[in-house]
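Subject: Structure handover

Hello,

Here is the structure for you to take over. My notes on it follow below.

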Amino acid sequence: MLRVLSDALTAADARQITLLGLLDMSAAFDCVDQSTLLLRLEGNFGVTGLALQWTTSFLTDRTQQVAYGRALSKLEKMPCGVPQGSVLDPLLFNMYTSDISKVVESHGLCRLHQYADDCQVYLSVPVTEVTKVSVDSVPI
């Protein structure tokens with residue numbers, strides 16, 4: 001977030017206004033499609049062979065169970081998500097969502113800052129390019 005703040009302050013010094021979009025991905029680590037992640041690791045990042053086999057083993061065939069007092073729920077397979085608490089989680093999630101950067105880059109002037117499930121897209125434009133919008137003209 002310091003990078004985004006620094007860029008916004010630098011833009012303000014240059015008489016520019018910064019528009020910031022914060023992307024909130026709730027339960028982000030739980031929503032990772034494991035097969036898609038594995039395909040991206042191989043296709044986009046060149047992870048193959050033993051490294052891909054190890055990652056596949058790390059991600060797939062996981063189960064979870066809830067304990068409450070002395071009661072245990074039944075064992076459930078986890079068809080999606082990355083194991084939480086690992087140092088690999090933020091890296092794997094960034095690799096899973098790496099196509100976001102391609103979308104942002106395709107719009108030219110936008111910038112992206114991303115770490116794990118925190119994602120900021122922002123754009124700075126000169127004050128002279130900003131049109132005045134009255135409160136009455138904004139649709140509700």
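Which residues are exposed on the other side of α1, away from the buried ones? They are L2, L9 and D13. Please keep in mind throughout that this is a predicted model.

Helix α1

Helix α1 covers residues 2-13, twelve residues in all. At 1.5 Å a residue, a helix of that length should span 16 Å, and the end C-alpha atoms of α1 are indeed 16 Å apart, so the two agree. The buried residues here are V4, D7 and A11. They lie on the same side of α1, because the arc they cover around the axis is only 65°. Packed against the buried residues of α1 are β1 (16-24), β6 (111-115) and β7 (118-126). Just after the helix, R15 has a positive phi of about 55°.

S6 also belongs to helix α1. Its relative accessibility is 37%, so S6 counts as partly exposed. From S6 to L41 the separation is 35 residues in sequence and 32 Å in space, taken between C-alpha atoms.

Salt bridges

How many salt bridges does the structure hold? There are six. Three of them are described here, and two of these share D7. One of them joins R3 to D7, with N and O 3.1 Å apart. Both residues are in helix α1, four residues apart, which is about one turn of the helix. R3 is partly exposed, with a relative accessible area of 45%, whereas D7 is buried at 15%.

D7 also meets R111 in a salt bridge, with an N to O distance of 2.9 Å. This pair links distant parts of the chain, since R111 is in strand β6 and D7 in helix α1, 104 residues apart. R111 counts as partly exposed, because its relative accessibility is 36%. R3, D7 and R111 are thus linked in a network of salt bridges.

Another salt bridge is formed by R40 and D99, whose closest N and O atoms are 3.4 Å apart. It too links distant parts of the chain: R40 is in helix α2 (residues 34-43) and D99 in helix α5 (residues 99-105), with their positions 59 residues apart in sequence. R40 is partly exposed at 22% relative accessibility, and D99 is partly exposed at 27%.

Helix α4 and D89

Helix α4 takes in residues 89-96. It is mostly covered, with six of its eight residues buried. Which residues of α4 are buried? They are D89, P90, L92, F93, M95 and Y96. The cover over these buried residues includes α2, α3 (49-59) and β6.

D89 may be worth a look when you assign charges. D89 is buried yet has no salt bridge. The nearest side chain of opposite charge is that of R62, 8.1 Å away, while a salt bridge requires a nitrogen to oxygen distance within 4 Å. Leaving aside residues up to four places away in sequence, D89 touches F29, V82, P83 and Q84.

Cysteines

How many disulfides are there? The count is zero, the rule being a pair of cysteine sulfur atoms within 2.5 Å. C31 is in no disulfide, and the cysteine sulfur nearest to it, that of C80, is 6.5 Å away. C110 is in no disulfide either; for C110 the nearest cysteine sulfur is that of C119, at 11 Å. With a relative accessible area of 26%, C110 is partly exposed.

In brief

The buried residues V4, D7 and A11 of α1 have L2, L9 and D13 exposed on the other side of the helix. D7 is in a salt bridge network with R3 and R111. D89 in helix α4 is buried without a salt bridge.

Regards

Note on methods:
Residues are numbered from 1 along each chain as its sequence is written. This is a predicted model: local features need pLDDT of at least 70, side-chain atom pairs count only at pLDDT 80 or more; totals for chains, interfaces and linings use all residues. Side-chain values use heavy atoms; hydrogens and water are left out. Buried means under 20% relative accessible area, exposed over 50%, partly exposed in between (1.4 Å probe, protein chains only). Helices (H or I, at least four residues) and strands (E, at least two) are DSSP runs, numbered from the N terminus. The expected span of a helix is 1.5 Å times one less than its number of residues. The arc is that of the directions from the helix axis to the C-beta atoms. Contact means heavy atoms within 4.5 Å. Lys and Arg count as positive and Asp and Glu as negative; His and the chain ends are not counted.
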